[in-house]
Amino acid sequence: MTFRAAIGRYWYLAQASLVAILTSVCVLVTDFIDFRSPANLTWMIAMPIGVGVVANVGWDRRCFMALALLCVSLIVAVVVGVNFTSYG
């Protein structure tokens, strides 16, 4: 199976993986620069919703993926924050 075929077949998993990686990077960078504020919720909420809306076709699928990716983002932020940063 080629890379293009794999991405086409597992598109939702690729979106969830992208959001998980970006969220992990954002949590680690936020901890590194020691800047915690409500503004951090912007990337926690806007980034997964943006990926869900831009990467999908049809409003029902966009809404579902936006909410699903938001859940992925928040779960990954908690796991990475507690285990690998000074949040814990």
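How far apart should the ends of α3 be, given its 15 residues, and what does the model show? At 1.5 Å a residue, α3 should span 21 Å, and its end C-alpha atoms are 21 Å apart, so the two agree. I should say at once that this is a predicted model.

Now the overall layout. The chain has four helices and zero strands, and along the sequence the pattern reads α-α-α-α. The C-alpha trace spans about 40 × 30 × 15 Å along its principal axes. Of the 88 residues in the chain, 30% are buried. The accessible surface comes to about 5,900 Å², and carbon and sulfur atoms account for 75% of that. If you take contacts between residues at least 6 apart in sequence, 67% of them join residues at least 24 apart.

Back to α3. Which of its residues are buried? They are N40, W43, M44, M47, P48, V51 and G52. The buried residues of this helix pack against α2 and α4.

That takes us to the cores. The largest nonpolar core has seven residues, namely A20, V27, W43, M44, V76, A77 and V80. Two or more residues come from each of α2, which runs 11–33, α3, at 40–54, and α4, at 59–84. The biggest contribution is from α4, with three residues. Take V76 as one of the core members: leaving aside residues up to four places away in sequence, V76 touches A20, T23, S24 and G81. Apart from this core lies another, of five residues, including V19, M47, V51 and L69. M47 and V51 were also on the list of buried residues in α3.

Last, the cysteines. How many disulfides does the structure hold? Zero. C26 is in no disulfide, and the nearest cysteine sulfur, in C71, is 18 Å away. As for cover, C26 is partly exposed, with a relative accessible area of 24%.

Why is C63 not bonded to C71? The closest cysteine sulfur to that of C63 is the one in C71, and at 14 Å it is too far for a bond. The cut-off here is 2.5 Å between the sulfur atoms. C63 is partly exposed as well, with a relative accessible area of 46%.

To recap: four helices and zero strands, a largest nonpolar core of seven residues, another core of five, and zero disulfides.

Terms used:
Residues are numbered from 1 along each chain as its sequence is written. This is a predicted model: local features need pLDDT of at least 70, side-chain atom pairs count only at pLDDT 80 or more; totals for chains, interfaces and linings use all residues. Side-chain values use heavy atoms; hydrogens and water are left out. A nonpolar core is a set of buried Ala, Val, Leu, Ile, Met, Phe, Trp, Tyr and Cys residues joined through side-chain atoms within 4.5 Å. Buried means under 20% relative accessible area, exposed over 50%, partly exposed in between (1.4 Å probe, protein chains only). Contact means heavy atoms within 4.5 Å. The expected span of a helix is 1.5 Å times one less than its number of residues. Accessible areas come from the Shrake-Rupley method with a 1.4 Å probe; for residues, only the protein chains shown count as cover.
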